Each structure stands twice: as C-alpha cells, then as structure tokens.
Amino acid sequence: MDFEEEFELEHLLFKQRRCRSCGVVKDLVTDFYRTRKGRATPSAYAYECKECTVDRVIKNRKRSDSHSWSYPDW
C-alpha cells in the first residue's frame with residue numbers, strides 16, 4: 001500500500017481553529033484573516049477571528065483619542 005494514497009491534502013490541513021480571544025471554534029478560511037499572502041497553509045492564518053480583530057481595532061482607535069494628545073513639556 002502506497003503512503004501517498006492513504007492520505008489526502010485535506011487530512012493534513014486544519015479546517016477549523018479556535019479563536020484566542022473569544023474561544024469559539026470557527027472555519028479557518030472564511031473566519032480568519034490571512035497574515036501571509038500567497039500561502040494556503042494553516043500557519044498563514046491569524047489566531048484571532050475577523051470579528052474579534054475588528055472589535056479590537058475599533059476599541060483601540062476610540063481609546064486613543066487624538067484630542068487628548070498634548071505636546072510634551074520639555
């Protein structure tokens with residue numbers, strides 16, 4: 001029996017991943033951003049889902065208000 005015939009590419013690639021922020025298991029390709037263009041391996045995808053990434057970016061942008069910045073006093 002040939003080793004290559006036993007396994008297909010689908011057996012080696014992960015189809016789902018658990019988000020590190022919300023802890024929900026989601027589909028790797030549709031629910032996570034790809035961090036390395038041109039690669040389709042599971043390591044090319046982020047560990048934080050798209051929804052959590054958007055929430056984090058919005059929260060951080062609102063927190064760093066440009067009006068609260070002042071010139072340093074030297």
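Select C49 to begin: the sulfur of C49 has its closest cysteine sulfur in C52, 3.4 Å away, which is too far for a bond, a disulfide being a pair of cysteine sulfur atoms within 2.5 Å. This is a predicted model, in which local features need pLDDT of at least 70 and side-chain atom pairs count only at pLDDT 80 or more, while totals for chains, interfaces and linings use all residues. Residues are numbered from 1 along each chain as its sequence is written, and side-chain values use heavy atoms, with hydrogens and water left out.

**The cysteines and the core**

Stay on C49, which counts as buried at 0% relative accessibility; buried means under 20% relative accessible area, exposed over 50%, and partly exposed in between, with a 1.4 Å probe and protein chains only. Now add C19, which is also buried, with a relative accessible area of 2%, and whose sulfur lies 3.6 Å from its closest cysteine sulfur, in C49, again too far for a bond. A search of the whole structure accordingly lists zero disulfides.

Extend the selection to C19, L28, F32, Y45, C49 and C52, the six residues of the largest nonpolar core, where a nonpolar core is a set of buried Ala, Val, Leu, Ile, Met, Phe, Trp, Tyr and Cys residues joined through side-chain atoms within 4.5 Å. In soluble globular proteins, nonpolar side chains tend to be buried together. Centre next on F32, which, leaving aside its neighbours within four places in sequence, is in contact with residues including R17, C19, K26, D27, Y45 and C49; contact here means heavy atoms within 4.5 Å.

**Strand β2 and helix α3**

From F32, move to K26, found in strand β2 and buried, with a relative accessible area of 17%. Not counting residues up to four places away in sequence, K26 touches K15, Q16, R17, D31, F32, C49 and E51. Strands are DSSP runs of E with at least two residues, helices are runs of H or I with at least four, and both are numbered from the N terminus.

Select D27, which also has its place in strand β2 (residues 25-27) and counts as partly exposed at 31% relative accessibility. With residues up to four places away in sequence not counted, D27 touches K15, Q16 and F32; the C-alpha atoms of D27 and Q16 are separated by 4.5 Å, although these residues are 11 apart along the chain.

Then show T30, in helix α3 (residues 28-31), which is partly exposed with a relative accessible area of 47%. The side chains of T30 and D27 are joined by a polar contact of 2.9 Å, the term denoting a pair of N or O atoms within 3.5 Å, of which, within protein, one must be able to donate a hydrogen and the other to accept it, and residues adjacent in sequence count only if both atoms are side-chain atoms. For a second distance from T30, take K50, 20 residues apart along the chain, with the C-alpha atoms separated by 8.9 Å.

**Zooming out**

Finally, display the whole chain, whose four helices and four strands run α-α-β-β-α-β-β-α from the N terminus on. Of its 74 residues, 18% count as buried. Colour by pLDDT, the predictor's confidence in each residue from 0 to 100: the chain averages 78, and 68% of the residues score at least 70. Confidence is highest in β2, at a mean of 94, and lowest in helix α2 (residues 9-12), at 50. Where pLDDT is low, the predicted coordinates should not be read in detail.
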